[in-house]
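Please open the model in a viewer and keep the selection tool at hand. The tour below proceeds stop by stop, naming what to select and what is found there.

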Amino acid sequence: MTREFISGNDALAQGVRLASPKVISAYPITPQTTVVERLSEMVGDGSLDAEFIHVESEHSALSCAIGASAAGVRTFTATSSQGLLYMAECLPYAAGGRFPIVMMNANRSVALPWNIYGDQRDSLLLLDSGWMQAYAQDAQEGLDLALMSYRIAEDPEVSTPFMINLDGFRLTHTYEVVEVPDKESADRFLPPFRPIGSIDFKDPQNIGFSAGPEHNVFFKYKAHRAVLRSRSAIAGSEKAFSDIFGREYTGLIEEYRCEDADHILITLGSASGLCRHAADAARSEGIRAGVLRIRYMRPFPAEEIAAAVSGAKSVSVLEADVSFGGSGAVFSNVGAALFSAGLSMPSSNYIGGLGGRRISQGDVRRIFSDMAAGKTGVRFIGIEEGLQ
Amino acid sequence: MRPRLVDPPKFGSPDDYPEGTSFEAGHLTAVNSGWRRVRPEIDGGRCTGCLLCYLHCPDGTIIRNGRTVAVDYDFCKGCGICAKMCKAGAIKMEKEHA
């Protein structure tokens with residue numbers, strides 16, 4: 001193990017190196033670029049024994065990964081924003097084919113207006129693509145997810161592609177001290193890839209077939225069931241990770257001062273640390289505040305969220321996403337979870353950080369004040385006008 | 001060669017299905033010709049066995065049958081390309097029975 005002062009993208013690339021994928025296919029896009037630059041350097045200098053395929057588009061990047069995964073090897077790709085949307089057609093292909101590809105997505109705004117900075121509208125737009133989705137809060141978690149994601153995705157009960165999300169620039173380009181495990185420990189943690197069905201001349205298979213109306217639904221049902229079953233693979237992976245590397249993760253959500261909280265703010269990604277500081281500040285002003293960080297959007301932690309907020313007087317969701325004319329995707333998922341659990345406390349949705357706009361601690365403290373004052377509805381941080 | 005038309009394995013519950021879209025190849029599990037309005041009829045007396053129809057059939061439904069040919073009506077869509085291609089006038093498109 002070494003301690004290194006590196007960026008989120010560098011950390012992610014180190015995690016991928018330790019997972020030893022055999023094929024990496026990628027197309028560069030800001031702010032993902034340095035991930036694949038680092039990986040191509042590793043392939044170039046021999047520190048990673050993999051085929052690095054420079055493709056002509058993101059659509060090809062994922063198509064290539066699907067082909068390589070079907071051939072039975074561990075694969076990696078990475079993208080962001082417009083690139084993710086350009087490869088969108090291939091995402092349900094990978095999920096329906098149950099290819100356990102790992103992809104890093106640098107969360108970035110989507111056009112128009114054109115913008116290269118971070119928000120979560122790209123990945124949340126593809127929440128329904130069938131992939132597991134995890135959101136890191138710092139560079140270390142990015143590296144650790146790179147290792148854990150393969151173990152989860154390749155679990156035979158799961159066999160589903162995995163998207164690791166890092167907030168663009170705030171995580172991808174911020175330098176932190178990161179513990180980089182040694183290869184021997186990584187190999188102990190991550191067993192070799194054993195595909196559930198791949199190209200094999202001794203056992204010919206029809207791969208990626210069609211299924212008509214009678215049979216199609218069973219494949220969708222099984223893909224859904226597989227993502228639900230990933231819950232135990234995630235728990236097992238985190239337990240093994242903690243045993244070998246000593247770092248503990250908390251499953252699909254992470255709670256901060258939620259036990260006795262009256263007002264719980266739910267968020268995901270790099271804003272979580274800011275929200276925890278704001279919760280401490282709100283408590284010093286007499287508001288019993290808590291923060292619930294969503295680590296996984298798929299599988300969605302509906303029961304965990306409902307259990308964590310069941311004693312709260314109000315719930316709010318802060319996310320860098322909005323579905324025009326609706327609400328943020330995270331809020332609509334959380335709302336369904338609370339409704340299903342029979343919870344009906346006042347709730348609100350704060351849209352913040354779109355196009356990379358800074359969210360301040362004052363902004364988050366105002367959210368807690370608004371919650372204490374009983375405000376509800378969908379609101380944009382920094383725009384006072386209420387929405388009807 | 002005509003693909004095997006086989007009864008699919010009994011699929012009753014999700015666990016009868018493969019995990020992912022990967023399964024033993026070589027199965028055609030259902031006939032696929034329900035929308036045909038006309039069908040090619042081979043006149044074995046006129047057929048020279050030149051196999052132009054066999055080469056041009058977009059669905060691979062012309063089968064060699066001795067020195068002449070036959071049609072696989074389980075998969076023929078009735079497009080009529082074989083009749084158009086036949087120089088010997090050995091294929092006539094006849095109305096499909098109601």
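## Where the chains meet

Begin by selecting A:Ile207 together with B:Ser22, its bridge partner in β1(B). This is a predicted model, and everything described on the tour should be read as such. Widen the selection to the two strands: β9(A) and strand β1 of chain B (residues 22-24) run antiparallel and are joined by 3 bridges.

Now show the whole contact between the chains, to which chain A contributes 17 residues and chain B 11 residues. On the side of chain A that touches chain B, β9 (205-207) and α9 (213-245) are the elements that give two or more residues. The largest contribution to that side, 5 residues, is from α9(A). Coloured by residue class, this side of chain A shows 7 nonpolar, 8 polar and 2 charged residues.

## Chain B

Select chain B alone. What order do its helices and strands follow along the sequence? The pattern is β-β-α-β-β-α-β, made up of 2 helices and 5 strands. Of the 98 residues in chain B, 16% are buried. Among contacts in chain B with a separation of 6 or more, 62% are between residues 24 or more positions apart.

## The two domains of chain A

Return to chain A and colour residues 2-245 as domain 1 and residues 253-380 as domain 2, following the domain assignment. The C-alpha centres of these two domains of chain A are 27 Å apart. Their contact draws 25 residues from domain 1 and 20 residues from domain 2.

On the domain 1 side of this contact, select α6 (121-125), β6 (132-135), β7 (162-167) and α9 of chain A, each of which supplies at least two residues. The domain 1 side as a whole comprises 11 nonpolar, 9 polar and 5 charged residues.

## The nonpolar cores

Which residues have the most contacts inside the largest nonpolar core? Select A:Leu12, A:Leu147, A:Ile164, A:Ile264, A:Leu265, A:Ile266 and A:Phe368; the core to which they belong has 108 residues. Helix α7 of chain A (residues 139-153) provides the largest share of this core, with 9 residues. The core lies between domain 1 (2-245) and domain 2 (253-380) of chain A, because both give residues to it. In soluble globular proteins, nonpolar side chains tend to be buried together.

Centre the view on A:Ile164. Beyond its neighbours within four places in sequence, A:Ile164 is in contact with A:Val102, A:Met104, A:Ala134, A:Ala136, A:Gly142, A:Leu145, A:Ala146 and A:Ser149. A second, separate core has 11 residues, including B:Ile42, B:Cys47, B:Val69 and B:Cys86.

## Strand β11 of chain A

Next, select residues 263-267 of chain A, strand β11. Why is this strand described as largely enclosed by the rest of the structure? The reason is that 5 of its 5 residues are buried. The two faces of β11(A) can be shown in separate colours: A:His263, A:Leu265 and A:Thr267 on one side, A:Ile264 and A:Ile266 on the other, all buried.

Add strand β12 of chain A (residues 289-294), which pairs with β11(A) in the parallel sense over 5 bridges. Within this pair, A:Val291 of β12(A) stands opposite A:Leu265.

## Helix α3 of chain A

Select residues 58-70 of chain A, helix α3, which has 13 residues. From first C-alpha to last, helix α3 reaches 18 Å, close to the 18 Å expected at 1.5 Å a residue. The buried residues in α3(A) are A:Glu58, A:Ala61, A:Leu62, A:Cys64, A:Ala65, A:Ile66, A:Ala68, A:Ser69 and A:Ala70. Their cover includes β2 (23-26), β3 (51-54), β4 (75-80), α4 (81-86), α5 (90-96) and β9 of chain A. After α3(A) comes A:Gly72, with a positive phi near 100°.

## Last stop: A:Val180

Finish at A:Val180, in strand β8 of chain A (residues 175-180). Is A:Val180 buried or partly exposed? A:Val180 counts as partly exposed, because it has 19 C-beta neighbours inside 10 Å, and a buried residue needs 20 or more. Leaving out residues up to four places away in sequence, A:Val180 touches A:Met1, A:Thr2, A:Glu4, A:Gln14 and A:Leu143. A:Phe241, 61 residues from A:Val180 in sequence, is 13 Å away in space, C-alpha to C-alpha.

Methods
Residues are numbered from 1 along each chain as its sequence is written. Chains are lettered from A and ligands numbered from 1 in the order in which they are written. This is a predicted model: local features need pLDDT of at least 70, side-chain atom pairs count only at pLDDT 80 or more; totals for chains, interfaces and linings use all residues. Two residues are in contact if their C-beta atoms, placed from the backbone, lie within 7 Å. Helices (H or I, at least four residues) and strands (E, at least two) are DSSP runs, numbered from the N terminus. Ala, Val, Leu, Ile, Met, Phe, Trp, Tyr, Cys and Pro count as nonpolar, Asp, Glu, Lys and Arg as charged, and the others, Gly among them, as polar. Two strands pair if DSSP finds at least two bridges between them. A nonpolar core is a set of buried Ala, Val, Leu, Ile, Met, Phe, Trp, Tyr and Cys residues joined through C-beta atoms within 7 Å. A residue is buried if 20 or more other C-beta atoms lie within 10 Å of its own, exposed if 12 or fewer, and partly exposed in between; C-beta atoms are placed from the backbone. Domain bounds come from an automatic or database domain assignment. The expected span of a helix is 1.5 Å times one less than its number of residues.
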